[in-house]
Amino acid sequence: MKRTPVLVLLFLSVVSPLILYTDRLGSFTSSVANNDFIEEAPALNFGGNNEKLNAVSQESSNEVKEPVGVVYSENSSNSSSESHILEDDSTKELPLAQSGEHKTRVLSEADDKQSVIEQVIAHEETKSDGSEKPDLNEEKQLGSQEIQQDLPKKEIKTETRSSHSSGNVGSEKTQKTNSGRQKNNTPMPDAKVRHLRDQLIRAKVYLSLGSTRSNAHFIRELRLRIREVSRAVGDATKDSDLPRNVNDKLKAMEVTLAKGKQIQDDCSAVIKKLRAIVHTAEEQLRAHKKQAMFLMQLAAKTLPKGLHCLPLRLSTEYYMLNTTDQTFPNQENLEDDKMFHYALFSDNILATAVVVNSTVLNAKDPSKHVFHVVTDKLNYAAMRMWFLANPPGKATIQVQNIEEFTWLNSSYSPVLKQLGSPSMIDYYFKTHKANPDSNLKYRNPKYLSILNHLRFYLPEMLPKLNKVVFLDDDIVVRKDLTRLWSIDLKGKVNGAVETCGESFHRFEHYLNFSNPLISKNFDPHACGWAYGMNIFDLDEWRKQKITEVYHSWQRLNQNRQLWKLGTLPPGLITFWNRTMPIDRSWHVLGLGYNPNVDQKEIDRAAVVHYNGNLKPWLEIALPKYRNYWSKYIDYEQPYLRDCNITP
């Protein structure tokens, strides 16, 4: 009887607690057995309450920080790998890896410095397009990120605060606002082309460094990447020109460049190499500019085949004509002072034809317009034949040979004597002995032609006329010029458009003001004026003896100490205080060198002038202005077709 209560009490005090705690231990041990290992002892969960171990000090998560790095992950559902970039190095515990997975991490550079090469590339991008400098930290992360493609590809699952796809490397670099952040995901145009070219520059730097050249495997890989990217880029100027697989080439190159960054850790060597590259590039740029200037001058002086063929064909036809068919009609108008007379001196047949045609077609009464054309002996027959075959409507035309003016010889004209002197010929044709000029335009052989200086002898050439309009052969008339003869020049000799809107059109840029003869007589800041369309009062010219003034200054400039060659500098001197400014709408310049002439000025201009090297009859002409000139040429004309002269 007594043993039964004792056994019950023993069961309640001993066995019941064992049974009670056995269930909880079973749940604990089973949970532990299901894991391969436990990361931290303090993280064990007993009955849902976290208890710290008192025997071992607990490390705070705020004290131990994970290094900034890039975790490579491969999504089994996607053939292309995705890399997730950690945006900051805040304390975030990484989750435990599952069974069969390995965690791989590439740390950022220990000193957290920006790559010197990337700084230079980013600086050049900012200078070239004016956009914000790319985020260099992002570029550094991308470089580290791409290294993972060379490591064993094992699936790694990780959590980050944000993820970015490495497939948008080229566009992400350029999608920055002023704060360096992205506003949207739309890539800037042609960003990938620029990025690929930047990669080539960086690759060539690594290719030439001693530390990387000693690594044969890396050099072979780098050269392979350079060939791939070079073939992919080619002559592309926009992203749409790139091949479809260009993203793969871009990523592969970025991986190789990241390897080079790890091999070459001496920034000073990279800086020296980049400085050498910049210096070499600057030297090459100067050489190319000089060569381009020379080639431009050469192209401006060269006569196209068609314009060489044309006078030959015309001359042949002219000498086959009867003598009675070689004369022009209306020759009685040549000395009629009531007519509107134009003087034009040129050896370019097609250019002369455009000047005459454009003037006649825009004239209200073409029958009152008379053209006095003077050319050289070589083109005399061809010029006459052109206007015999293509008469200028009701207008009167006269074509003269410069040799008909027997009074114009070296004993009368100082400039003619200078043009035939040995020193002048040596200046043009033996330039290795002559002192070089910084501006090659003064070495143009056109200045050796007296045709370029006939404008200073207008009163002698047209003794019966009171007024004449001088026209250059590189102008196009767009409106009626009759009103020019009604302009009151107020006792001045020359009516011209001033060109002092820009500083380089002042006297100081045409004349040598270091010479006392120039500095004592002229104002260096005085406005220049334009040759090309001028109204001259020949009566005043004769009264003021302008030709004698011109001769006196030409004698003083025998050694070219007062100005370089040309007709504008002596014109500025000869007509100093004798020029009447006329409205700018009469004469608009710049179509031979300036692609940004105001369209409104062109539309209201009476005459447009192709001054400069880009003449409209040359292939180097500015296309946007060529139509103003070519519209006055009939390209179906037999002589033009025979010589293959096309628009």
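**Group meeting: two disulfides, two cores and a helix**

Okay, let's start with the sulfurs: Cys309 and Cys643 form a disulfide, with 2.1 Å between their sulfur atoms. Before I go on, keep in mind that this is a predicted model, so everything I quote is computed from it.

Where do the two ends of that link sit? Cys309 is in helix 10, residues 305-319, and Cys643 is in the segment after helix 22, which covers 638-642. That's 334 residues apart, so we're talking about a pair that links distant parts of the chain. The torsion about the S-S bond is -70°, which makes the link of Cys309 and Cys643 left-handed. The two ends get different labels for burial: Cys643 is buried, because its relative accessible area is 6% and the cut-off is under 20%, while Cys309, at 21%, counts as partly exposed.

How many disulfides are there in the structure? There are 2. The other one joins Cys500 and Cys527, with sulfur atoms 2.3 Å apart. Its torsion about the S-S bond is 75°, and that link is right-handed. Cys500 is in the loop between strand 11 (494-496) and helix 16 (516-519), and Cys527 is in the loop between helix 16 and strand 12 (533-537), so this pair ties together parts that are 27 residues apart in sequence. Cys527 counts as partly exposed, at 24% relative accessibility. If you number the bonded cysteines in sequence order, the pairing reads 1-4, 2-3.

Right, on to the packing. The largest nonpolar core has 67 residues, and the ones with the most contacts inside it are Leu310, Leu350, Trp386, Leu484, Trp586 and Trp629. Which helix gives the most to this core? Helix 11, residues 349-361, with 8 residues. Let's zoom in on Trp386: leaving out residues up to four places away in sequence, it touches Leu310, Leu314, Ile349, Leu350, Ala353, Gln637 and Leu640. Apart from that core lies another one, of 43 residues, including Val493, Trp553, Leu562 and Phe575.

Now a quick sanity check on a helix, for those of you who like geometry. Helix 7 runs over residues 216-233, which is 18 residues. At 1.5 Å a residue it should span 26 Å, and the C-alpha atoms at its ends are 26 Å apart, so the two agree. Which of its residues are buried? Phe218, Ile219, Glu221, Leu222, Arg225, Ile226, Glu228, Val229, Ala232 and Val233. Here's the textbook background for reading a list like that: an α-helix has 3.6 residues a turn, so residues three or four places apart point the same way. The cover over the buried residues of helix 7 includes helix 5 (191-208), helix 6 (210-213) and helix 8 (246-263). Just after helix 7 comes Gly234, with a positive phi of about 55°.

One more residue: is Pro623 buried or exposed? Exposed, because its relative accessibility is 68%. Pro623 lies in helix 21, residues 623-630, and its C-alpha is 9.3 Å from that of Pro595, 28 residues away along the chain.

Last, the overall numbers. The protein chain has 22 helices and 14 strands, and of its 647 residues, 44% count as buried. Taking contacts with a separation of 6 or more, 74% come from residues 24 or more positions apart. The accessible surface comes to about 36300 Å², with 51% of that belonging to carbon and sulfur atoms.

Key:
Residues are numbered from 1 along each chain as its sequence is written. This is a predicted model: local features need pLDDT of at least 70, side-chain atom pairs count only at pLDDT 80 or more; totals for chains, interfaces and linings use all residues. Side-chain values use heavy atoms; hydrogens and water are left out. Helices (H or I, at least four residues) and strands (E, at least two) are DSSP runs, numbered from the N terminus. Buried means under 20% relative accessible area, exposed over 50%, partly exposed in between (1.4 Å probe, protein chains only). A nonpolar core is a set of buried Ala, Val, Leu, Ile, Met, Phe, Trp, Tyr and Cys residues joined through side-chain atoms within 4.5 Å. Contact means heavy atoms within 4.5 Å. The expected span of a helix is 1.5 Å times one less than its number of residues. A disulfide is a pair of cysteine sulfur atoms within 2.5 Å. Accessible areas come from the Shrake-Rupley method with a 1.4 Å probe; for residues, only the protein chains shown count as cover.
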